[in-house]
Amino acid sequence: MGMKVTSFAALEEEFDAFVGSIVYATMVTVDSKGRPRTRVLIPVWEVVDGRPVGWLATYRTPVKAAHLRGNPHTNFSYWAPGNNSVAIDTVAEWVDDGDTTRRVWDLYRRTSPRGAGYDLGNFWRSPDDPDLHVLRLDPWRIQVIRGRDLRSRIWTADHAGDRVSVGS
């Protein structure tokens, strides 16, 4: 059983340390029949007004786009040997404006949190590349588990996961 915390700040340091050292997360979406689909990706995270916000630079594949159109709820799972782990339940939304894409490009370059991220130029020519798409990830539940003693802390947002649909 996890200990609930009321502020993301209460687990932010451990979140940043685990995400920054693990880097790769398994993203889960579901299809129209409720069947899960996973892929391994590298999102970046920041804190805005005391709340975590994630960003995913990605290709807008037909499967991913269809899954998110049908159900924008996603999960990101980080795990490392030793059992440090982070599970993040989010609502994902495509963001198609150039200013946001350029800001996300910079977040990846700087790595956010420290260690998480990479040079997006390995996959896209620039922030203006038409194949580069950005998903905004609004977490509504985050669980951080420390492997050495399995201490679990859980943060949930107000009105957790209530948003059922977003624009695509």
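**View 1. The largest pocket of this predicted model.** The volume of this pocket is about 220 Å³. It is lined by 16 residues. Those closest to its centre are Val40, Leu41, Ala57, Thr58 and Tyr59. Three elements each give two or more residues to the lining: β3 (36-41), β5 (51-58) and α2 (62-70).

**View 2. Make-up of the pocket lining.** Strand β3 supplies the largest share, with four residues. Sorted by class, the lining of the largest pocket holds 11 nonpolar residues. Two polar and three charged residues complete the set.

**View 3. The two faces of strand β2.** This strand spans residues 25-30. Ala25, Met27 and Thr29 sit on its covered face. Thr26, Val28 and Val30 make up the uncovered face. In a regular strand, side chains alternate between the two faces of the sheet.

**View 4. The hairpin of β2 and β3.** These two strands pair in the antiparallel sense, over six bridges. Thr26 stands opposite Val40 in β3. Thr26 belongs to the uncovered face of β2, while Val40 is among the residues closest to the pocket centre. Five residues lie between the strands of the hairpin. In the turn, Gly34 has a positive phi of about 80 degrees.

**View 5. Strand β2 beside strand β6.** Strand β6 covers residues 73-79. It runs antiparallel to β2, and three bridges join the two. Met27 stands opposite Phe76 in β6. On β2, Met27 is part of the covered face. Strand β2 thus pairs with β3 and is also joined to β6.

Definitions and conventions: Residues are numbered from 1 along each chain as its sequence is written. This is a predicted model: local features need pLDDT of at least 70, side-chain atom pairs count only at pLDDT 80 or more; totals for chains, interfaces and linings use all residues. Side-chain values use heavy atoms; hydrogens and water are left out. On a 1 Å grid over the protein atoms alone, a cavity is a set of points where a 1.4 Å probe fits but cannot get out, and a pocket is an open set with protein on both sides within 12 Å along at least five of seven lines; lining residues have an atom within 4 Å of a point. Grid points are joined across faces, edges and corners, and a volume is the space filled by probe spheres set on the points. Ala, Val, Leu, Ile, Met, Phe, Trp, Tyr, Cys and Pro count as nonpolar, Asp, Glu, Lys and Arg as charged, and the others, Gly among them, as polar. Buried means under 20% relative accessible area, exposed over 50%, partly exposed in between (1.4 Å probe, protein chains only). Two strands pair if DSSP finds at least two bridges between them.
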